[in-house]
Amino acid sequence: MTALLTSILLSLFPFIGAQVFIERGLGPELFRSMNEPALEEGGLWKGGFAGGRTSMGRKCVPVKRKSRELTLVTYNVGAMGKYMEDSSGDIAKLIEESGASLVSLNELDSCNARHGDYQLEKLSGLCDGADFHFAGAFPFAGGSYGNGVLSKEKILRRAILPLPKFDGYEPRSVAVAETADCVFASVHLDVASGDAALLQAEMINRWFEENYSGYGKPVILAGDMNSVPGSDVIERLSQRWTIISPAKPTYPSSGADRCIDYIMYMKDAVPVKTVLAEVISSSKVADVQKASDHLPVRVRILWQKK
């Protein structure tokens, strides 16, 4: 009996370990620790036996798990200059109207000849100083070009995963940001070559499996995959990820006829429930057809926070 009880108690303790990953060549180093507090409120010492009575007759207190809700958006903003000279104001209004806590942004310029602004920092200022993380995919016109994340909560850890172009159009990148609630990654896959996009998807699957398998938070991947539902690229990603965004057209913004923008969660991490999933095709505060050549996608997720 003692051995059995000891085994049960040990199994209830969270896994504690630490790994450090250093991404070279693009962006800052990532220091990601998997250490979590050994005990939290509502944890083992406050119950932890799912209620009822022990074999000795004493009543057990049920574990209290807190549900958490987040609104997520992915938006290819087209360097904020597809149909306007500068659509940053409209894009910021759309983000604020969406109520998003985390936003994946594709096609951002950073201090180059096309746009002299650091566009992600500019959007942060327009969105009440949201925290941000930029992942340059490649140098462009004296500056750079890539993906980014905006977060209403403090970003605790950052990483950049470079994606080679293989035989495709250009190198790509993944911006990975971790908050207290989740890991949120923004990606933009190759547009010119399905084979290159497929290899990029496989690299994403492998990297996240190696670094976040069994992670104690939801792990979210969002962005422009340049692939329609049922394609080889989406099928490859679906081996590791569950799509939670709607299979509705997201491109082009005026007369959208294909779905290429997605939000998904990693199967081998904390699962989430979708309580809202929509493509934003109209707005009371901005011209969503002219702000970019893509439509923004929004989901609201719910999960049990341990």
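# Exercises on Gln-200 and its surroundings

In this predicted model, Gln-200 is buried, with a relative accessible area of 0%.

**Exercise 1.** Explain why Gln-200 counts as buried.

Solution. Take the relative accessible area of Gln-200, which is 0%. Buried means under 20%. The value of 0% falls under that cut-off, so Gln-200 is buried.

**Exercise 2.** Find the helix that holds Gln-200 and compare its reach with the expected one.

Solution. Gln-200 has its place in helix 4. Helix 4 runs over residues 194-212, 19 residues in total. From first C-alpha to last, helix 4 reaches 26 Å, close to the expected 27 Å at 1.5 Å a residue. Its buried residues include Gln-200, Met-203, Trp-207 and Phe-208. Just after helix 4, Gly-214 has a positive phi of about 75°.

**Exercise 3.** Describe how Gln-200 is placed relative to Pro-164.

Solution. In sequence, Gln-200 and Pro-164 are 36 residues apart. In space, their C-alpha atoms are 7.3 Å apart. A polar atom of the Gln-200 side chain lies 3.1 Å from the backbone oxygen of Pro-164. Leaving out residues up to four places away in sequence, Gln-200 also touches Leu-163, Lys-165 and Leu-189, among others.

**Exercise 4.** Identify the residues that touch the most other members of the largest nonpolar core, then name some residues of the second core.

Solution. The largest nonpolar core has 45 residues, and Leu-72, Leu-105, Leu-150 and Ile-301 touch the most other members. A second, separate core has 30 residues, among them Leu-163, Leu-189, Trp-207 and Phe-208. Of these, Leu-163 and Leu-189 are contacts of Gln-200, while Trp-207 and Phe-208 are buried residues of helix 4.

Technical notes:
Residues are numbered from 1 along each chain as its sequence is written. This is a predicted model: local features need pLDDT of at least 70, side-chain atom pairs count only at pLDDT 80 or more; totals for chains, interfaces and linings use all residues. Side-chain values use heavy atoms; hydrogens and water are left out. A nonpolar core is a set of buried Ala, Val, Leu, Ile, Met, Phe, Trp, Tyr and Cys residues joined through side-chain atoms within 4.5 Å. Buried means under 20% relative accessible area, exposed over 50%, partly exposed in between (1.4 Å probe, protein chains only). Helices (H or I, at least four residues) and strands (E, at least two) are DSSP runs, numbered from the N terminus. The expected span of a helix is 1.5 Å times one less than its number of residues. Contact means heavy atoms within 4.5 Å. A polar contact is a pair of N or O atoms within 3.5 Å; within protein, one must be able to donate a hydrogen and the other to accept it, and residues adjacent in sequence count only if both atoms are side-chain atoms.
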